[in-house]
Structures are given as structure tokens and as C-alpha cells.
Protein chains: 4
Amino acid sequence: MLDSAIIIITCSDKPGIVAAVTGFINEYNGSIINLEQHVDTQQSQFNMRLEWDISKFKIDNENIHATFKKEIADNFDMSFEVHFSNEIPKIALFVSKLSHCFYDLLLRYQSGEWQVKIPVVISNHRELEKSVQDLGITYHYVPITSDTKQQQEQKIISILQDNHIDLIVLARYMQILSSDFINQYENKIINIHHSFLPAFPGAKPYHSAYERGVKIIGATSHYVTADLDAGPIIAQDIEHVSHNDTVEELIRKGRDIEKIVLARAIWKHINFKTLVYNNRTIIFT
Amino acid sequence: MLDSAIIIITCSDKPGIVAAVTGFINEYNGSIINLEQHVDTQQSQFNMRLEWDISKFKIDNENIHATFKKEIADNFDMSFEVHFSNEIPKIALFVSKLSHCFYDLLLRYQSGEWQVKIPVVISNHRELEKSVQDLGITYHYVPITSDTKQQQEQKIISILQDNHIDLIVLARYMQILSSDFINQYENKIINIHHSFLPAFPGAKPYHSAYERGVKIIGATSHYVTADLDAGPIIAQDIEHVSHNDTVEELIRKGRDIEKIVLARAIWKHINFKTLVYNNRTIIFT
Amino acid sequence: MLDSAIIIITCSDKPGIVAAVTGFINEYNGSIINLEQHVDTQQSQFNMRLEWDISKFKIDNENIHATFKKEIADNFDMSFEVHFSNEIPKIALFVSKLSHCFYDLLLRYQSGEWQVKIPVVISNHRELEKSVQDLGITYHYVPITSDTKQQQEQKIISILQDNHIDLIVLARYMQILSSDFINQYENKIINIHHSFLPAFPGAKPYHSAYERGVKIIGATSHYVTADLDAGPIIAQDIEHVSHNDTVEELIRKGRDIEKIVLARAIWKHINFKTLVYNNRTIIFT
Amino acid sequence: MLDSAIIIITCSDKPGIVAAVTGFINEYNGSIINLEQHVDTQQSQFNMRLEWDISKFKIDNENIHATFKKEIADNFDMSFEVHFSNEIPKIALFVSKLSHCFYDLLLRYQSGEWQVKIPVVISNHRELEKSVQDLGITYHYVPITSDTKQQQEQKIISILQDNHIDLIVLARYMQILSSDFINQYENKIINIHHSFLPAFPGAKPYHSAYERGVKIIGATSHYVTADLDAGPIIAQDIEHVSHNDTVEELIRKGRDIEKIVLARAIWKHINFKTLVYNNRTIIFT
């Protein structure tokens, strides 16, 4: 695998941005592997993802951010992130009792499909504790009631900070996080909702889907915002169903879509291929 | 093609219904080609579609309904319909200015894909009038304002009755029909809505889809009820989209889904493969 | 869950079969829950699946097969199988080193998604042995070389017989079974092939797909016959890919399709919804 | 709509290409709207599509190609094409008797969905002649037999040249074009094949699909090469089918996929979003 760096940039559109950025890469001996740039002409917003070979790059990894900021980003008032292909994002899985998404993620982790580290699982139940014993993951049982919510969320945040968590994945976690909590992890919490949003937000979407007699069911993975089930959508997919499908059948079929859609969203995030602005995502290819 | 009859039955479930019905077919020398039966165990509702070869059937076509009613249906308090494979449903197309679904249907008609007759088109605009001239279809221009609605709907109903219309297809018809009108054509009006319902009901769903940043768009074909965009769903499908897609792109991509989904719904209806109860459809295979 | 029996029938088409079968069910106080019947008019072949409530059925379960044979099946020269909703099929998983399908199946098993028993895993490698320790499954390491093939297959057959295996699932098992072996388990061995057959049979289909520059990849689950990758297809699905996808990406994306398609095929089989004739399957809904 | 230019570049990868190209655009006051760049690291091949606003560009449209060649392309030994957003590709439709793809394309043309000009239709049959009369399209009836092939292809080429045709679309055209013909229109002939290639090449794929008992059917649109049904694939899609589907049903369902897939491929081509190398396509988003 190539040793590469990735930069994701968003700013107001102006002439010369791409030339400036690629000139910078070139000047310091970087070799561009991939570049995707897109101007939202309605909003006049410039968005770009650029990956370059850093094997001969003349700036040390730890100085790339600061150098780029000074030489390029400040001139264009850019928001930007720099990542590295050998970076290993640290993920915390949040789970309640439902195991299908959770186990699916663990298997991808265990098999090495993803280049990530999962140091902790947070759960308000003990049911799934045993499953992570052999994987070097610490399972934190943090039950939450309306009375203890504030205090328990503080406890969770301590755990996340201690473990330098980069991404939180709600794998059918049945608690609603507070705005305070969410604001500390903006665009760093991925949820899976078991419907094709905006249809059937909230609880029991498969029951509602059955009632409505829809011919497709779906799943939606999105970044969590304070507005329930209304955050920026990362991935969605659907499955065809029929009148033959009882609610139980919808739930069973839905599990497979949930697993796949959540995994796709995480894949995009951990490969630094997502960018959020105006409550919408740009998903690079 | 076989000369066959189709019966569609719905009633409260009781033991012996299938045996009674198939015994009836057998007794009069019918030969069953296809039988799909499904009990909604939650509702204890029996639903069945049966097609049989009538080439040697001992009851004349025009007497099948009455004989079946007397000998079988009345015993089980059935609702049922009898159709024939050589039956040619008469369809009225309702259209405004948007042509894509309308033309798609005309081409299927013209090419003989469907065994139907389209005697009339009803429109509140004149734009598409020329397109049906060579097809033996009468184009009725019936403009509707809030003041003239009741009277114009009466006019439309006269046209439909004069032409013995069996099915009304709203091919992106931009008028909302009155409850009075709809009640006269229960489960006989098919609409195409340009979203995956129940998401984005009402006007401008592609604009809403863009705003929400969804990763799929869809279309839904349903029977029209007095409750707007809430009738029994016949067919749905979706297309994947991305942040690259402007509203105009969503509209362009959506047209193809709308055409396909509407055509699939009509296909099921004209082949007598739909059954409605409790605002849900059973779509036979 | 209802206590029910399922009968699957195939025979030459004749008038009166459905009436005879449903009359039989009715006569002995069975109540039909589901009936799907289909005549292949080209081949004049009658196919049917019927499920009925046996809570008040007057024939004991163990006598249903014999009674039906005598009273009905023999008159129509039927091939038929009788199953029960509380039947628990016994599955043997065959696996080599690739774990994704294998683990996916184990999770479905462990979570109770499927009403089956998996007493044994057969493998020509030891890599996955540890994974089944806690699940009450016996892992049989049976390495096969061209020299030992006949003898080792005999050993495997002994294991299968000892465990009363009903279904063999090849979860990316990298050995080709002999015709002798296959013939003993006709329509009882399900394989997953990692392409949309008949495209890319044989080894390394993702490499071939990459070479050909296809825009979709797929997976096919089929019953194994002596003719490699040419058995009756049970389920297929695809995923869209692009020029961006390297062979490694195709392999990664393909794993999810393989898992889903294999699981769908097994689901149909263990719910007694498959019927094979003329190297084609009928998959009941 | 913006007044823009599009450049598509392919060459051996070297450092500094993107910087050189975007520097060129910037230097002459162009403003980049979209840039997609992708290095095939296996082949070390650089591929890029760049679109820029030319409203203030300091080079006249007719000089862009030459100036870019001299200042940039020659240094990197690039193959490249320059197009303009207001360019109107001229398309020739080739058709035999089957009308579904042909009519679908005509409707898209007529409704203004595509910014193209279709001056001519070429056909070896007269059946569809009437359909283009009102559209300002000249229908050329050019029957071909094995004896007249060479001469008739010459006649066709004359027609194409007289009409300055940029793209040939084979809308289920039932003739095989000679290598000589194809070589004159390299990557400028789009065909629709009615299967998911490489499965079922050649004639009667739906019949073969039925025989094989597949659970999906598909369509493939590709550039035509001398190697039958083996050219670079532009677009593919599929539809699920079942044992219920007769060959006639497969043909009927297939028509809709063929129409959609062909239209998608043409859309990509006329928006200058395709690039061919090594018998594979890059399809820009």
C-alpha cells in the first residue's frame, strides 16, 4: 500500500483554489493519486478531496497541516482536515441488546477488513459483554435512566477521551444522546436507522412500514445531530418486500440492510471520504 | 395464448375454502393453471387468485359469476371478481403538461405490449393533444378551476361512462380529484407519485429530497383514495443518487423511475393481479 | 407460531390435482394457510407448495406421507415431500480458510435467526477451528489431496450420516466434490459462487470481472451438481461497481453480496420453499 | 447554464500533471467547476476530467486545443479531448425492426432531455420509417445482405460523413458491422446488448437465460469493437426474475432495462464523461 496523505477542503469558491493546492503538493514533491473536486454552484461552495503520495514529500507529516494552513488555507479561508493512509481511527461502539449490527462490525474488525482500532464498547446492557472478551476490547456497562443521564454521559465522555476515540458508532444503540454530548462529537457519531429516512423516523419503523403497506423497506446511516433522525445522510439502501412479509419478516430482512448500510457508512468515514456542510454530505468515490 | 378465467377472492378465513373453490373448478371441467393463496393470519383474512383453462369449462363465461356466487361465494361470504384472459380493459389517461409518463404509456400501447384499449385522454391542458391524433384516441380538454371543479368533474365522469372506462391512470395529472369522484372509481384510479412514499408526499418531492440530502430517490404507484398520497401502494422503486445531483438531475433521473413504476403497476392491474383490503394491496406474482 | 405441515409436489399436469389435494386436506380437517401452484405450460409440469394448519388434522404426522401417497399421490404419479413447521433441519457447513460467509452463517445460527441445528463443520484446514468451540459444533478437520480424495470423502460421508445431516452448505469451500459424493446428496448441497453465473464460472471471478471492466459484480447460490458451477440457481444478486474499484475492492464488496445471497438461499431451503426440476428451481414466495 | 469547457486527459502518470493543468487553467483566468482525477496505479496511467468556466477565459475556444497541446500536453505526452458545454453532438441512430429502444431515444430527443441533434436514422428495414417524419430526421433505408455489405457500409459512411456524425447508437440494430467500419468510429459506436455481459453474448440471450434458470436478467451498453459483444462496457443493470417468468416475460421485462441502460450510456457519452483505455471505460460521475 502507498504511503499517502489525504486532504479534505471546503470553502467559498474562488478562482485558483485547485491550482494553488496542487501547486503546493507539486512544489514539495508530492505526487497526486486521486483528486475529486466539486463546486456546489448553487451555494458557491468549493469542496475537494485530494490524496497524494508522500514517499518523497518534503514536509514532515506532523508539519503538513501547519504549512498548508499558512501557505494556502488562510488565503482562501478554508476549512480542511489532513489525514494519512496509515492512520488508524479509534472507534467506540455503542450498543444495547440487539446484536446483528454489532456482531457484523466485530467480524469486519476481527477479519482485518477495516484498518481501525476498537478499544471500547459502551452499552446500557450487559447482554453482549461476553462477545468482546477475546478481541481485546473493553466493554463498559453504563446503564442510563432519565435521572442519571447527565452523569452517565459524563462518564462515557471520560472513557472516550481516555481512549482517544475518533468515531462513535451507534450500532442500534437504544438511547438518545443529549445535545451536549452530540456537540462534542460533531460529525463523529454515525447512527443506523432502520428505515429509508425521512420516511418512518422514530421508533418501530418496520411496524409503520407494515401498516402503510410499502413495497420497499430500507435503512439509513447518518451523522447524529441534536435533531433526531435528521442528521446528514451518509448511506441508504432498500430491499423489496411484499404483502407476504409479516412485521417479523420485515425485521428479519431489514437486519441485512442495516448491517450493510452501516458498514458502508463507516467504510466511507474511516477512508476519509465524507464531508459535511449544510446538513448534507459529500461522499467521495 | 390460453383461453382462461381468473377469479380473485377475499373473505374471512374459514377451513375448506380452497377445497370448495377448486372442487367447483374441477367439477365443471376447468383445469387450474395458477393458484396463489395467502391467509393474513393477523387479520384472519383469506385472499386468493386462481386462473383456470376454460376451453372445456361447462359453464358459459357470462354465467360463471352468478353460478360461482350461488354455489360457493355466498356460503363463505366472499367478495370476488371474475375476469377473462381475453378481456380488454378500457383505460382513460389523465394528463397535464408533463409528457414522460404519458408518452411511455402511449408507446407501450402502440407497440402492443399491453392488451388494453385507451379510448380517451383527459387533460386540463392542450399541450399534449397532438400526440394522440394518429392513435385513435380522443383527447378531451377539460380545464378545471376551483369554481368549475364540480361541474367539470361531472363532465369527465360522463366521458368515462360513455367510454365504459375500467381504469383511470393519472400520468402526472396535476389536479386533485374530489372525494365524490374518487368514490365512484374505488381501486380503479392509479396514480404515480414521484417519491418513495410515505417520504415526501405532496408537491415538489425532488426539491425536498435535495434539501434533505437523501442518497436514494424513488417513485410510488398507488390506488387513489380521498386521502392524498396515502392510498394502497401497488409498486415502488428507487434510484441511487449522490451529492453531485442537482434538483434538475434528480428530476431527470426520477422520470425514468416514474415511468417504470407506473408501467409495472398498470401491468399488475390489467393482468388482474391486484387485490386491495385495509388500505394495503396484495400483488400476486 | 402455527403448527403446520408443508407439502411440495411436482408431477405431470392433469386436471383435478389441486382439487384432489385440497380436498384431502379439507377432509381430514386441515386448514390451508398458504398455497402456491404453478403449471409450467411449456413442459406441462405441475408444481405446488401447500402449507396447512395441522392442529386439528386427523392424521398423525408420521402417517401423513403414507396416507397422502396412497390416497392422492399414486393416482397422479406425484413426486412429493412432506415437512413440518417444527422440523429442525440439520446442516453441515463445509469451509476452507475464507471466513466471511462462514462467520455470517454462524451468527445467524447463534442469534436464532434460523430454526436449524448445525452439528458439524467440515474443513480441509484448521484455521477456523477455534471459532466454533463455544457453539456446540464439532469441527472435523479432513484434509484432502488428490490421492486421499476418495477415502476422505468416505470419511466425510460417515460424519454426515452419523449426524443425520439434511443439508450441506459450502461456505466458500475450496474443494470440488466428486460426482459420487454429490449424487448421494442431490439437491441437498448449496454452494455460493462469487459471480453472477453463468458469467465468470470457475476460479478467480473477481479478477476476471476486473479484467473485463464490468460495471456490476454478483454472487450466485445454487445446488451443486456434478457439472461445476452449473447447478440449479436458487438466488442471485449484484452490486454496482466502477473503474475506481481495484480487484481488492471487488473482493471486499463481493463478500457482502456472497453473504447475503448464500443466506437467502439457505433461508428458502430450510423453509421448504425450493423445488428443483430440469436443472431449474422453483422458489416459492 | 454555465458556459464551460471540458478536457479529458489520459497519459502515463508522472508527478506534476494536475498542477500543470490546473495552473494552465488558472493562468488564463478559467475557474474550475469540476475535477475528477484518478491514477490507475496498476498500469501507472493518469486519467482526468476537468470542467472549467470559460466566461472570462483568455483563450478563444477554437485555440484552446492547440494552446493546451503546445504548453501542456506535449510535455506529458498526453492524449486529450476538449469539449464545450454548448456543443451539440450529432447522433445517428441505427435500427432494425424492434422499436422500444428507438422510440425511447426519440422521446428523450423530442422532449429536450438531451442536448443533441439526431439528423439521421439508418435502417435495414422500412418498418420504423414513419415514426421520424415529424421530427426533422431523415430515415435512410439501407438494406444489407452478405453480398452488398461492403458497398452498403460505404453508403452509410457517406451519409454519416455528410451529416458530421459524432456518435452512432445501435438501438437493437440487427446487423454486425465490419471491422473496417468500426475502426473508423472507434469509441464512437454505442451498442445495447440484452444481457449482463459477459454472460449470454450473441443471439437470443433471453432464451439462454430462461434455459439456465437465472434469477436476474440484465442489459449492457458498450462501445463496439471488432470483437463481438466484447467492447468496453459503459453501463449495466439488472432486473430480478423468477421461475414464473416465461421467455416472453423475460423479453418484456428486459425491454425496460435495455431502454434505461442504453439511455444512461448515451447520457454519459454526450456529457463527455467517458474515457476508454485498455478495453475498459472510466465513467466520470
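Visitor: Asp256(D): buried or exposed, and how do I read that?

Guide: You read burial off relative accessibility, with under 20% as the cut-off for buried. Asp256(D) has 12% relative accessibility, so it counts as buried. Keep in mind that this is a predicted model.

Visitor: Which side chains does Asp256(D) meet in salt bridges?

Guide: One of them is Arg108(B), at 2.9 Å from N to O. Asp256(D) sits in helix H7 of chain D (residues 247–270) while Arg108(B) sits in helix H3 of chain B, so this salt bridge joins two chains. Arg108(B) has 3% relative accessibility, so it is buried too. Asp256(D) also forms a salt bridge with Lys259(D), where the closest N and O atoms are 3.2 Å apart.

Visitor: How do I read a salt bridge inside one helix?

Guide: Start with the general idea: an α-helix has 3.6 residues a turn, so residues three or four places apart point the same way. Now the case here: Asp256(D) and Lys259(D) are three residues apart in H7 of chain D, which puts about one helical turn between them. Both of these residues are buried. In helix H3 of chain B, Asp104(B) and Arg108(B) are four residues apart, again about one turn. Their closest N and O atoms are 2.8 Å apart, in a salt bridge.

Visitor: How enclosed is helix H3 of chain B?

Guide: Ten of its eleven residues (100–110) are buried, so the rest of the structure largely encloses it. Among the buried ones are His100(B), Phe102(B), Leu107(B) and Tyr109(B). Just after H3(B) comes Gly112(B), with a positive phi of about 80°.

Visitor: Now an interface. What should I look at between chain C and chain A?

Guide: Try area, then residues, then charges. About 1600 Å² is buried between chain C and chain A, with carbon and sulfur atoms giving 44% of it. Leu107(C), Arg252(C) and Trp267(C) supply 27% of the area chain C buries against chain A, more than any other three residues. In terms of contacts, 17 residues of chain C touch 17 residues of chain A.

Visitor: And how many salt bridges cross that interface?

Guide: Eight. One of them pairs Asp104(C) with Lys259(A), at 3.6 Å from N to O. On the chain C side, helices H3 (100–110) and H7 (247–270) each supply at least two residues. H7(C) gives the largest share, eight residues.

Visitor: How do I read a sheet from its strand order?

Guide: Look for the edges and the pairing sense. In chain B, seven strands make an open sheet in the order S7-S6-S5-S8-S9-S10-S11, with mixed pairing. Strands S7 (138–141) and S11 (233–240) stand at the edges with a single partner strand each, so one side of each has no neighbour in the sheet. From one strand to the next, the twist averages 20°. Helix H7 of chain B packs on this sheet, touching S5, S8, S9, S10 and S11, and its direction makes about 30° with that of S10(B).

Visitor: Which strands of that sheet pair in the parallel sense?

Guide: One such pair is S5 (90–95) and S8 (167–170) of chain B, over four bridges. There, Phe94(B) has Leu170(B) as its bridge partner.

Visitor: Which strands does S1 of chain B pair with in the antiparallel sense?

Guide: S1(B) pairs with S3 (45–53) over nine bridges, and with S4 (79–84) over six. Take Ile8(B): its bridge partner in S3(B) is Arg49(B), and in S4(B) Ile8(B) stands opposite Glu81(B). Eight of the nine residues of S1(B) are buried.

Note on methods. Residues numbered from 1 in each chain as written. Chains lettered and ligands numbered in written order. Predicted model: local features only at pLDDT ≥ 70, side-chain atom pairs only at ≥ 80, totals over all residues. Heavy atoms only, no water. Pairing = 2+ DSSP bridges. Axes fitted to C-alpha atoms, helices over the stretch in contact; angles between N-to-C directions. Contact = heavy atoms within 4.5 Å. Buried < 20%, exposed > 50% of the residue type's maximum accessible area, 1.4 Å probe, protein only. Buried area = accessible area lost by both parts, 1.4 Å probe. Salt bridge = Lys/Arg side-chain N within 4 Å of Asp/Glu carboxyl O.
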